[in-house]
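Subject: Structure handover

Hello,

Here is the structure we spoke about. Please look it over before reading the notes below it.

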Amino acid sequence: MTSAGNWNRENTKPKNYNADLSIKQAARILVLGSRDDPTMVRVFEDETKLPDQTTIVGVGTKRDDFDWDALRREPPTVILVTTKGIKDLLAELLTTPELASSIQWVHAKSAGIEHCTSPALAASTVVMSNAKGHFSSTLADILELRGATMGIVGYGDIGRATAKLAHAYGMKVIALKRRRVLDDDKDAYCEKIYCASQDPTALNTVCAESDYIYVAAPLTPETEGLIGTDQLAVMKSNAVLINVGRGPVLDEKAVIDALTMAKIKGAALDVFEQEPLPADSPLWKLKNVLLSPHNMDQTDSFQHEATDFFLDENLPRFLRGLPLYNVVDKAAGY
């Protein structure tokens with residue numbers, strides 16, 4: 001199954017497929033999540049309203065929630081992930097012989113997929129997609145100063161949405177990404193894009209040049225602890241560190257030390273190594289820190305729209321055998 005490219009709530013035409021095309025395959029959906037999830041009302045309130053040849057064959061968050069004999073008789077073709085803590089369960093589903101041959105598509109109702117990744121997922125032949133493109137514009141809104149430099153670590157969909165706003169406010173924008181692509185030199189918002197795989201000093205360069213360091217990198221084995229003592233040491237004394245990606249991308253202790261000793265001006269942190277942030281964390285007492293509980297992108301509708309994206313955009317494509325939006329690299333973790 002090929003990719004239709006990346007979907008973005010601001011730029012992509014909705015329902016951009018031919019609804020008259022015949023349905024080629026059934027979608028038997030196994031939901032790794034809860035029926036009580038208020039953002040999944042459209043899926044569970046009346047399953048007769050789901051598209052033709054679409055059924056829910058199981059819902060749960062742990063092994064005992066499922067009737068495995070029934071799943072073997074009617075194996076799922078689609079796994080929809082709506083919660084965390086299911087990495088081992090997903091791996092088991094993908095390595096159970098009677099099920100693995102039927103599962104064709106795994107969709108995460110989130111932008112990050114670190115709660116799904118495993119060797120079993122990476123080795124499987126299933127296509128995986130996610131919900132990036134829904135959270136970009138809400139995560140892009142921060143306080144900027146005209147003429148300041150915004151350094152974006154992780155120049156994916158969220159990073160680009162941030163760059164667009166920063167550029168509009170008159171900021172100089174530089175960015176760091178893992179791999180360079182041909183059109184990087186033609187980017188409309190970035191003055192320069194650094195490539196981590198080609199230049200091992202690129203991360204420190206971005207940190208040293210930036211007034212605002214905006215971290216939107218996914219959590220992978222390569223990015224865990226990406227921003228640590230070395231990077232904090234080269235930041236400007238008036239630098240502000242912003243993390244909207246995943247908590248473990250920052251070395252939290254090193255960040256706390258830098259903030260406590262005023263080595264950097266401040267930080268805005270939406271994600272943490274441990275969530276919820278423990279009550280005894282020193283971050284609560286620091287006056288130069290803005291904290292939010294992993295909800296910086298949570299408008300009233302953001303998770304409902306991620307459900308709509310699954311139902312209205314990718315599910316109809318799957319049923320018709322069309323390329324899916326937001327296909328991810330299962331091995332890379334994003």
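The notes below go from the whole protein to one residue and two helices.

This is a predicted model, in which local features need pLDDT of at least 70, side-chain atom pairs count only at pLDDT 80 or more, and totals for chains, interfaces and linings use all residues. Residues are numbered from 1 along each chain as its sequence is written, and side-chain values use heavy atoms, with hydrogens and water left out.

Overall

The protein has 11 helices and 12 strands; these are DSSP runs numbered from the N terminus, helices being H or I with at least four residues and strands E with at least two. The C-alpha trace spans about 60 × 45 × 35 Å along its principal axes. The radius of gyration is 21 Å, which agrees with the value near 20 Å for a compact globule of 334 residues. That radius is taken over C-alpha atoms, and the globule rule is 2.2 Å times the number of residues to the power 0.38.

Of the 334 residues, 53% count as buried, meaning under 20% relative accessible area with a 1.4 Å probe and protein chains only. Among contacts (heavy atoms within 4.5 Å) with a separation of 6 or more, 69% are between residues 24 or more positions apart.

Asp211

Asp211 is in the loop between helix H8 (202-209) and strand E9 (212-215). Asp211 counts as buried because its relative accessibility is 14%. A polar atom of the Asp211 side chain lies 2.7 Å from the backbone nitrogen of Thr149. Leaving aside residues up to four places away in sequence, Asp211 touches Ala148, Thr149, Lys236, Asn238, Ala239 and Val240.

Helix H3

In H3 (residues 87-95), the buried residues include Leu89, Leu90, Ala91, Leu93 and Leu94. Their cover includes three helices and three strands by name: H2 (68-73), H4 (97-100) and H5 (119-123), along with E1 (27-32), E3 (78-81) and E4 (105-108).

Helix H10

In H10 (residues 252-260), Glu252 is buried, as are Ala254, Val255, Ile256, Ala258 and Leu259. The cover over the buried residues of H10 includes helix H9 (229-234) and the strands E10 (240-243), E11 (266-269) and E12 (289-291). Just after H10, Ala262 takes a positive phi of about 55°.

Regards

Key. Buried means under 20% relative accessible area, exposed over 50%, partly exposed in between (1.4 Å probe, protein chains only). A polar contact is a pair of N or O atoms within 3.5 Å; within protein, one must be able to donate a hydrogen and the other to accept it, and residues adjacent in sequence count only if both atoms are side-chain atoms.
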